[in-house]
Amino acid sequence: MTTRTPGAAADPAWAAAFAAVPRAAFLPRVMWPYDEEREAFDALDLARDPEGWRRAAEADVPIVTQWDDGAHAGSGRGAHATSSASTPRLVAAMLAALDAEPGMRVLEVGTGTGWNAALLAHRLGERSVTTVEIDPGVAATARRALRRAGLRPRVVVGDGALGVPDGGPYDRIIVTCGLRRVPREWLAQVRPGGSILAPWGTAFRGRDALVRLTVRGDGTAEGPFLQVVNFMPMRAHRTAHPTFPPGLPLTDTRTGAWPPHGMWHPFPFLAGMRVERASHAVQRHDDGHTQWLYDLSGAGWTAAVRRERTGPGVVVRRAGERPLWDELLAAWEWWRSAGEPPVGRFGLSVDDKGETPWLDRPDRPVDATV
Ligand SMILES: C[S@@+](CC[C@H](N)C(=O)[O-])C[C@H]1O[C@@H](n2cnc3c(N)ncnc32)[C@H](O)[C@@H]1O
């Protein structure tokens, strides 16, 4: 595990808050930090390994603090991580991108451990900060940690998708869970000219990109994507995986094409803007990878396998009629023919008709660019 100074603030304006509010004060005694070498979340218990626990608390790694919406007990891993403390570097980058100043009113959606709310309250004043968390147990633990740190921002238990109307209008909303659509309630709770900073993505991949939307007074919002991030989705925005009927016709083909699938590569995030009603997962083998594609209505799946053992090339097994691999290759060709634009050249427009991702300018929607 690499150790760096936690919260080495991206913006000097936040340095005092990071120095005064350590992440360790918001972490539970048993937690699951991400081990970069093992690519896994392993439990650390403060009572059993105080030194390892402190090292992890101060490392620039995400730390899972709850599994399976609290249904999971014990120190083993649960099935799904449902609350966590983000990496200090990402927390710092998001606070810098939020561009909030003392005197502004801020709503945070996704209280989690309470650390980000504490940083906000330290810099902006506790009366300026409201944070909303859907899980009552998580919210109660965060409230206790905030009090121990001497900070009392308003902690609300509820569905953050509804915002917190009686605390607004807000100058900023900062969201620390992944969105599949922007709740329109927020547009009415941010003052015109204010902004929403949120991880936004599609069902395609568990990667989002941070988007910074400027809210206009007419119920619309617009702004650029900033960077690829990895957040657990907002509860109601989790992808429901279909079951596939038995006996789907199987087709095997061989190809050479292999679109990029790396954890932080922009393409899987951008592909979701082109390949609709589908999801994508990557399975790692000791000598290669499988890219899985699922039609979200249950009409079929595709597994594309590239392994050293089976020689060069990619074996594509398709179940059902939908040509998901061809759709992914078409999206890759679209991205390459556009000159492989980075995430920062894309943006999002939100209005009463829907959400439209665009490339370079709002009048160049992604699904109209060839
Ligand atoms: C990555 S954690 C937040 C990290 C947090 N900001 C911190 O400083 O520790 C995401 C949190 O969002 C919460 N969440 C998910 N859906 C939500 C919703 N609809 N409204 C409010 N909170 C939600 C989860 O329960 C989880 O605690």
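**A nine-stranded sheet and the helices on it**

Let me begin with the sheet, which is open, has nine strands with mixed pairing, and follows the order S8-S7-S6-S9-S10-S11-S12-S18-S19. At its edges you will find strand S8, residues 154–157, and strand S19, residues 354–359, each of which pairs on one side only. Going from one strand to the next, the twist averages 20 degrees. I should say at once that what we are looking at is a predicted model.

Now let us take one pair of neighbours, strand S6 at residues 106–109 and strand S7 at residues 129–133, which run parallel and are joined by four bridges. If you would like a residue to look for, Leu107 has Thr130 in S7 as its bridge partner. Helix H5, residues 136–148, packs on the sheet, where it touches S7 and S8, and its direction makes about 170 degrees with that of S8.

Which strands does helix H3 lie across? This helix, residues 88–98, lies across S6, S9, S10, S11 and S12, and it runs at about 155 degrees to S9.

Stepping back to the whole protein chain, we count eight helices and 19 strands. The radius of gyration is 21 Å, close to the 21 Å that the globule rule gives for 370 residues, so the chain is as compact as a globular protein of that length. Along its principal axes, the C-alpha trace spans about 60 × 55 × 35 Å.

Of the 370 residues, 49% count as buried, while the chain as a whole exposes about 16800 Å², of which carbon and sulfur atoms supply 51%.

Key. Residues numbered from 1 in each chain as written. Predicted model: local features only at pLDDT ≥ 70, side-chain atom pairs only at ≥ 80, totals over all residues. Heavy atoms only, no water. Pairing = 2+ DSSP bridges. Helix = DSSP H or I, 4+ residues; strand = E, 2+ residues; numbered from the N terminus. Axes fitted to C-alpha atoms, helices over the stretch in contact; angles between N-to-C directions. Contact = heavy atoms within 4.5 Å. Rg over C-alpha atoms; globule rule 2.2 N^0.38 Å. Buried < 20%, exposed > 50% of the residue type's maximum accessible area, 1.4 Å probe, protein only. Areas by Shrake-Rupley, 256 points an atom, 1.4 Å probe, with all protein chains shown as cover.
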